[in-house]
Structure formats: structure tokens, C-alpha cells
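I opened the model today to look up two things. My notes follow, in the order I worked.

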Amino acid sequence: MKVKKILALVMGALLAVMVAGCGDDESSGAAASSGKAASSTASSSEKPQASGKKALVVYYSDTGRTEQVAKDLAKAKDADLMKIEPTQKYTKDDLDYNNPDGRVSKEHDDDTLRDKITLKKTMPDNWAEYETVYIGYPIWWGIAAWPMNAFVRGNDFTGKHVVTFATAASSPLGSSGQLLKEMAGSKGDWEDGTCFTGRIDDAKVAEWAKSLK
């Protein structure tokens with residue numbers, strides 16, 4: 001009888017140990033599962049960073065008029081600014097359109113000279129982040145000032161919305177924007193903007209900026 005009681009006690013003790021062991025495993029599993037759930041919940045509750053719809057105003061300005069429009073536009077659209085600077089800067093004499101021997105006159109007569117124009121910087125910083133790009137320039141002989149050619153050819157506008165604008169004494173925007181689009185390989189969604197003539201009016205620029213999408 002004593003042996004049976006001893007065996008019964010031993011078996012009971014072993015059973016208790018086994019049950020406790022199973023309980024520990026389940027607790028550990030539950031804790032791990034709970035940890036994963038908490039981690040998952042924390043991750044799902046964190047809002048993903050907004051990709052944003054960044055805008056960039058790129059411009060070339062020889063007298064400061066296009067620069068004024070560009071700065072007004074950037075302010076109205078909360079956009080970044082990038083000024084196009086030719087490696088060989090245009091001097092006042094270079095811009096004398098009435099001088100047939102002047103630089104711009106020669107580049108006008110021989111378009112292969114325009115292809116040789118290089119820029120101090122062609123690709124904007126963080127170019128991939130910009131969804132909208134405004135491109136501004138003075139009108140030279142009815143088209144965009146040719147330093148813009150190097151910028152347009154040197155960047156990929158795929159997936160970007162491009163809006164052109166210009167300044168001139170009296171000329172319209174004309175086909176200048178469409179010609180730049182062709183230089184860009186027609187990549188991106190291009191929209192003709194407007195050409196500001198005469199005196200630059202900050203209020204008019206702000207009003208035009210407001211009308212854009």
C-alpha cells in the first residue's frame with residue numbers, strides 16, 4: 001500500500017510539473033504574440049510620411065525682369081527656386097541684339113552655337129521630389145532664351161507637370177513652350193503659361209499664380 005501511495009504521489013508531482021510547463025509555454029507564446037500585436041498596432045497607428053507635392057521654379061534672367069516674376073511665383077506657390085547660370089555668362093555687350101557681331105546675334109544666326117552653351121548646374125537638387133516645375137525665361141527672337149535649352153535637354157521630365165512663363169518687351173509666349181517640350185522629348189505634362197510684357201507688376205504675377213492648378 002505504501003508503494004502505491006508513493007507511486008501515486010510521484011505521478012501526481014510529475015503531472016503537476018507537466019501542466020506548469022505547458023502553462024509557461026502558453027504564457028510565453030501569449031506574451032510574444034501580444035508583443036507582436038502591440039508592435040503591429042504601434043506601426044499601424046504611425047501615419048506614413050506625406051509624399052508632398054513639391055514645386056520648383058527654374059528660371060534664366062538676363063536683366064532681372066524674369067527673376068522678379070520667378071520670385072513672385074515661388075512665393076505664391078511656396079516653391080523652391082533655381083536660377084539657370086550659363087558657364088560663360090552673358091555680358092551687357094553680349095546681349096546687344098542690334099550688334100550683328102554680338103554674341104546673341106551670332107547664336108541666333110547659327111543655332112549650332114546654342115548647342116555649345118553649358119550651365120554651371122543643370123540638374124536641380126532633389127529633382128525626383130518635384131511634381132510641378134515652372135520654367136521661366138526672357139523671349140529672344142520669339143523663342144525661349146537659349147540657356148534654357150541646356151536645362152531642358154539635361155533633365156528627365158517624366159511624371160512632372162511643367163508650366164512655362166516668360167517676359168518680353170512686347171512679344172507673346174508664342175511657341176516657345178512647345179519648342180522646349182520637344183527638346184525634352186515630350187516627356188511630362190506641359191502647359192503653356194503666360195508672357196509678362198512691359199513693366200513687371202507683382203500683383204499681376206500673384207493673380208496669375210492663383211489661377212494655376
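**Entry 1: the cavity**

I looked up the largest cavity and found about 30 Å³ of space in it. This is a predicted model, so I read everything below as computed. I then asked how many cavities of 30 Å³ or more the structure holds. I found one.

Next I listed the lining of the largest cavity. Thr132, Tyr134, His161, Val163, Glu191, Leu212 and Lys213 line it. I sorted these lining residues by character and got three nonpolar, two polar and two charged. I also checked which strands contribute. β3, residues 130-140, supplies at least two residues of the lining, and β5 also supplies at least two.

**Entry 2: helix α6**

I moved on to α6, which spans residues 202-211. I noted its buried residues: Val205, Trp208 and Ala209. Why do they line one face of the helix? Looking down the axis of α6, I see the buried residues fall within an arc of 100°, so they line one face.

Then I turned to the other side of α6. There I noted Ala203, Lys204, Glu207, Lys210 and Ser211 as exposed.

What do the buried residues of α6 pack against? I found three partners for them: α2 (65-77), β5 (161-168) and β6 (189-197). I had met β5 already, in the cavity lining.

Last, I checked the start of α6. A side-chain oxygen of Asp201 comes to within 2.8 Å of the backbone nitrogen of Ala203 there. Ala203 is also on my list of exposed residues.

Technical notes. Residues are numbered from 1 along each chain as its sequence is written. This is a predicted model: local features need pLDDT of at least 70, side-chain atom pairs count only at pLDDT 80 or more; totals for chains, interfaces and linings use all residues. Side-chain values use heavy atoms; hydrogens and water are left out. Buried means under 20% relative accessible area, exposed over 50%, partly exposed in between (1.4 Å probe, protein chains only). Helices (H or I, at least four residues) and strands (E, at least two) are DSSP runs, numbered from the N terminus. The arc is that of the directions from the helix axis to the C-beta atoms. Contact means heavy atoms within 4.5 Å. A polar contact is a pair of N or O atoms within 3.5 Å; within protein, one must be able to donate a hydrogen and the other to accept it, and residues adjacent in sequence count only if both atoms are side-chain atoms. On a 1 Å grid over the protein atoms alone, a cavity is a set of points where a 1.4 Å probe fits but cannot get out, and a pocket is an open set with protein on both sides within 12 Å along at least five of seven lines; lining residues have an atom within 4 Å of a point. Grid points are joined across faces, edges and corners, and a volume is the space filled by probe spheres set on the points. Ala, Val, Leu, Ile, Met, Phe, Trp, Tyr, Cys and Pro count as nonpolar, Asp, Glu, Lys and Arg as charged, and the others, Gly among them, as polar.
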